[in-house]
Amino acid sequence: MAELEDNVAIPEFSNLVQMDPYLKPFEKDFKRRYEQLQKQLSKLEETEGGYDQFTQSYKSFGVHRQPDNSLHFREWAPAAEALFLTGDFNAWDKFTHPYTKQEFGKWELILPPKHDNSPAVDHNSKLKVVVHTEEGERLYRISPWAKYVTRDEKSVIYDWVHWDPPNPYTQIHPRPKKPKGLRIYEAHVGIASPERKVATYTNFTTNVLPHIRDAGYNCIQLMAIMEHAYYASFGYQITSFFAASSRYGTPEELKQMIDVAHSMGIVVLLDVVHSHASQNTEDGLNHFDGSDSCFFHSPPRGEHKLWDSRLFNYSSWEVLRFLLSNLRWWMDEYGFDGFRFDGVTSMLYHHHGMGAGFSGDYSEYFGLQVDEDSLVYLMLANHILHTLYPDCITVAEDVSGMPALCRGVEEGGLGFDYRLAMAIPDKWIQILKECKDEDWDIGNIVHTLTNRRYGEKCIAYAESHDQALVGDKTLAFWLMDKEMYTNMSSLTPMTPVIDRGIQLHKMIRLLTHGLGGEGYLNFIGNEFGHPEWLDFPREGNDQSYHYARRQFNLLDMGNLRYHQLFVFDRDMNLTEDKYGWLAAPPAFVSAKHEEDKVIVFERGRVLFIFNFNASKSFQDYRVAVETPGTYKIKLDSDEHLYGGHGRLNHNTEFFTEAHGFNGRQNSIKVYIPCRTAIVLANEEIDYCY
């Protein structure tokens, strides 16, 4: 192996080391990973005719109607003694339709068409795979490749339903071009309505997509689409990987929803869960063939104790076929534009991130604690996705800070486009929970927002679904709490609590947007300061939907301050759309003044000024700026329109002086009201990135 490592050359490894020389001592680790990747690609070429064919296995596994209307069934169940197909089509006879055993643990069955030449299994009828084990057990299973599963109201178990509609939905709108600056709207279809019920794909298409477009977001990240038997798992305990959740509607309605999003110029990412799977057996992958392994490692390696779920065996050829084909399925069949990979930290390390502090010492990212099987799977997935779909976007949910996570595979990286900046929302919640306004550590806030690996893009966010879950609450509710129930009318003067909350809500989001990353994310409803928290129906809350909804109706009441927060959020996105700071290089921070509570930075030649002081406004405050010229206000959190106090004159022109200041060649003097954020731009500059 050592000899092989010495012969492997990572084509652009020098780029990575030039960017971060501290990675040079770990060259052997990078080479070993890259070597494993190349081995997998060569093996795919030799045995499967290449990765393109291999990753389209969704066309041959599960059930498929052939041109002559015969149905071809194929499964992988290596530990099974025998397989039978049963269902509505044969009056649930358990023995009349046996599969034939093939090599490598595969099983096949061909059903000829009926006498009238229609398929033997009707569209929308139920099926089951009957698995006979070596121990003599008879198990009833759902095909792992099932495209549609439903649950009867009185049942706890999902059923495999044959989905072959006579008039499938055909998408007509092309994928939008990959945005330079991602403004992500993280959404959950089921909660996307004020009504106390599970909302639908059709509701999302009709009511939520126009809202997202109008709010200035160019990307939707869809949660809880892959089928999950337990609604309260938030979509993270997957039972059927190829099935779009039927609780919101049909596969065709989801295809239409994505097509309409594309018509609006919005790209759509799937929150994909390949880090683990539900423990369910009757309607999940667990014990599919009667063994404790199959798709997973045998226990204890194959169990995640904290999540009570199963862990995939990424070294298994058939598991690679299943997972990589799963990615292709969502791209090809539904038209998704990329993925947010959930639980990447758990995948990368044998310890799954449990009890690991991640101090940033590079030795934490290399060595025996790293699960290189799953790491190479992620490299393979990114390589294949970005080769077949050049505009595909992949985002990693990783809290560890793994170096080169978001560098190209050709450099020895894992190939993701972005990582989530998970420290930022934690910082905001910590500040709001623990600090008085006068004790805010401005330097520490700036450090948290800018502390990211150079050359690796981040998605910044002030709050996501994690922060809204029961036990925590939204930023707006941390700021304003119970006063949101009584004092949000814009027809009455603001109370001190509401005034503080409204101003800080806007400032926190703009600061995160401008300084925190190369993309920005907002969780559904938080753009207008959604109150309370999120909690799904479960035994502990008497199956209530009260907190499992988004109260868009609050926006429709124009006399409530939620509308002011929404308009600010919209204009923040539209201002970014015009000036493109997310696609610009990282910001130059010229001021982080602890006593004044002022932050000043330039990014994309746009000037951001924040005064977090609760009571002090500053006249003629000198602010550093590099590019000379005339600056004007382009966004002002203090506008009346946004629930501000209207203390700034937007007709004012700010002329730079050749007065070097705080590391910049020029400066201007401005008036900064307390608790106000301002964005200024020089109209003489061409803002292209």
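Helices are DSSP runs of H or I with at least four residues, numbered from the N terminus. The legends below describe a predicted model.

**View 1. Residue A468 in helix α12.** Helix α12 comprises residues 465-468, and A468 belongs to this element. A468 has a relative accessible area of 1%; because buried means under 20%, A468 counts as buried. Beyond its neighbours within four places in sequence, A468 is in contact with K473, T474, F523, W533 and L534. A separation of 8.6 Å lies between the C-alpha atoms of A468 and D535, although the two residues are 67 residues apart along the chain.

**View 2. The buried acidic residue E186 in strand β10.** Strand β10 covers residues 182-188 and contains E186. E186 is buried, yet no salt bridge is formed by this residue. The nearest side chain of opposite charge belongs to R340 and is 5.0 Å away; the salt bridge criterion requires a side-chain nitrogen of Lys or Arg within 4 Å of a carboxyl oxygen of Asp or Glu. When neighbours within four places in sequence are set aside, the contacts of E186 are Q221, M223, S464, H465, L521, N522, F523 and I524.

**View 3. Helix α5 and its kink at V208.** Helix α5 runs over residues 201-214. Its 14 residues, at 1.5 Å a residue, should span 20 Å, and the end C-alpha atoms are 19 Å apart, so the two values agree. A kink of about 40° is located at V208, shortly before the proline P210. After α5 comes G216, which has a positive phi, near 85°.

**View 4. The surroundings of helix α5.** The buried residues of α5 are Y201, N203, F204, T205, V208, L209, H211 and I212. Among the elements that cover these residues are the strands β10, β11 (219-223) and β13 (240-244). The cover also includes the helices α6 (251-263), α15 (553-556) and α16 (562-579).

**View 5. The protein chain as context for the close-ups.** The protein chain contains 16 helices and 29 strands. Its radius of gyration is 27 Å, close to the 26 Å given by the globule rule for 689 residues, so the chain is as compact as a globular protein of that length. Along the principal axes, the C-alpha atoms fill a box of roughly 85 × 65 × 45 Å. Of the 689 residues, 62% count as buried. Among contacts between residues at least 6 apart in sequence, 72% join residues at least 24 apart.

Methods. Residues numbered from 1 in each chain as written. Predicted model: local features only at pLDDT ≥ 70, side-chain atom pairs only at ≥ 80, totals over all residues. Heavy atoms only, no water. Helix = DSSP H or I, 4+ residues; strand = E, 2+ residues; numbered from the N terminus. Buried < 20%, exposed > 50% of the residue type's maximum accessible area, 1.4 Å probe, protein only. Lys, Arg positive; Asp, Glu negative; His and termini not counted. Contact = heavy atoms within 4.5 Å. Expected span 1.5 Å × (residues − 1). Bend = angle between axes of the 7 residues up to and from the residue. Rg over C-alpha atoms; globule rule 2.2 N^0.38 Å.
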